[in-house]
Amino acid sequence: MNQVQLKRTNEDKIEFIDLVSQKNRVLKNVQNAIQAVLDHGAYVMGPEVVTLEGQLAAFCGSGYAISCSSGTDALLLVLMAKDIGPGDAVFLPSFTFPATPESVALLGAHPVFVDVNPETFNMDPASLLDAIERAKLAGLTPRAIIPVDLFGQPVDYEAIQKVANDHDLWILCDGAQSFGATYGDKSVGNIGLATATSFFPAKPLGCYGDGGAVFTNDKALCETIKSIRVHGQGVDKYDNVRVGLNARMDTIQAAVLIEKLKIFPDEIQERQQVANYYAEGLKDVVGVPFVQENTTSVWAQYTILLKDLNEREGLKAHLAEQGIPTAIYYPKPLQEQVAYKKYYLPGQNLDVSKSLSDRVLSLPMHAYLTTQQQDRIIVAVVDFMNK
Ligand SMILES: *Cc1c(COP(=O)(O)O)cnc(C)c1O
């Protein structure tokens, strides 16, 4: 193959998430920002961390943003600050990434599974009510709800907040996939008691390593989380008033995020255009994502729904043959995971999450997909479905 052909082949390659094009867009600024950190040398809790926290809070309209080491630690920080522990029930969807139940289980509390809505794939309020009753029957104390904004779409928070109010529970939003999305007139980060998000590289807003943040409007909660973030410090690091963690964000990652946040609003629009184009091309042949009224998604994933496992596996193989990468989020609901099945409460119906795990398929989704690439993907899906 000669050079010209080789170059064309690479340009035509469809990435599931294209971090290379994004890196090229921000490269000079990121290099300068990292150099600035190398020059001042404050690698931990340097000035960029404080700057980023101010910008993140302003971005979503939240009172406080507390940066941290990962999305998982963001969840853990809030649960620790609220003294979640043995005997407590924390309600979360059975169709999610394991970091959600992990944060609860690590504290000795009981993650109680809640089924999801078949259209939005997000927590179902009716199933939540059922789970609360079953948790009480099992002798647990209902404490909190962790709705997950799956694939970038905020949960139906009005319905979930009503259940929370009626049962005296508080809400920790798992916004690891949805930072940048909106629900009514609110942005993710400004809903519930607190929101946890992740800046893992593949998330809509990612750094170049691990990172996360907690958002809240509660000043006392913010102070407690900041203490836990640094070993439970009181007046200083060597005054320990509680058991904490080392859960800080590196200054270099904060510097990277400051640069990426500048292009994030553009990228959100570009992701929306990609999603619109997919929906137009695919809506007649497969189940395309449903977004509720007055809600925007940041499209962490573009996930289509097939008839059954056979059809999903067939389409996945067909796309792979055409050089189109796909992924399955998530192939097993929590009630079937070795580490988590013991938390299933007798009699619970989690059939929707079970069915979705057999039928979902996530297509390439990022701000740098071209319409030519999307046409290739759409034609390949349509061809398979019309066979
Ligand atoms: C990615 C993710 C997390 C964890 O974030 P990390 O930064 O990888 O620790 C938590 N919850 C959900 C729903 C996620 O997608």
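This passage describes the largest pocket of a predicted model and the ligand that occupies it. Residues are numbered from 1 along each chain as its sequence is written. In this predicted model, local features need pLDDT of at least 70 and side-chain atom pairs count only at pLDDT 80 or more, while totals for chains, interfaces and linings use all residues, and side-chain values use heavy atoms, leaving out hydrogens and water.

The largest pocket (an open set of points on a 1 Å grid over the protein atoms alone, where a 1.4 Å probe fits, with protein on both sides within 12 Å along at least five of seven lines) has a volume of about 450 Å³. Its lining (residues with an atom within 4 Å of a point) numbers 24 residues, and Phe97, Gln177, Ser198, Phe200 and Lys203 are the closest to the centre. By class, 12 lining residues are nonpolar, 9 polar and 3 charged. The largest share of this lining, 3 residues, belongs to α4.

The ligand takes up the space of this largest pocket (more than half of its atoms lie within 2 Å of the grid points). Around the ligand are 14 residues, with Gly71, Thr72, Gln177, Ser198 and Lys203 coming nearest; a residue counts here if one of its heavy atoms lies within 4 Å. This shell divides into 4 nonpolar, 8 polar and 2 charged residues.

Polar contacts (pairs of N or O atoms within 3.5 Å) can be followed residue by residue. A polar side-chain atom of Asp174 lies 2.8 Å from a ligand nitrogen, and one of Lys203 lies 2.7 Å from a ligand oxygen.

Definitions and conventions: Points joined across faces, edges and corners; volume = space filled by probe spheres on them. Helix = DSSP H or I, 4+ residues; strand = E, 2+ residues; numbered from the N terminus. Nonpolar A, V, L, I, M, F, W, Y, C, P; charged D, E, K, R; others polar. Polar contact = N/O pair within 3.5 Å; in protein donor to acceptor, adjacent residues only side chain to side chain.
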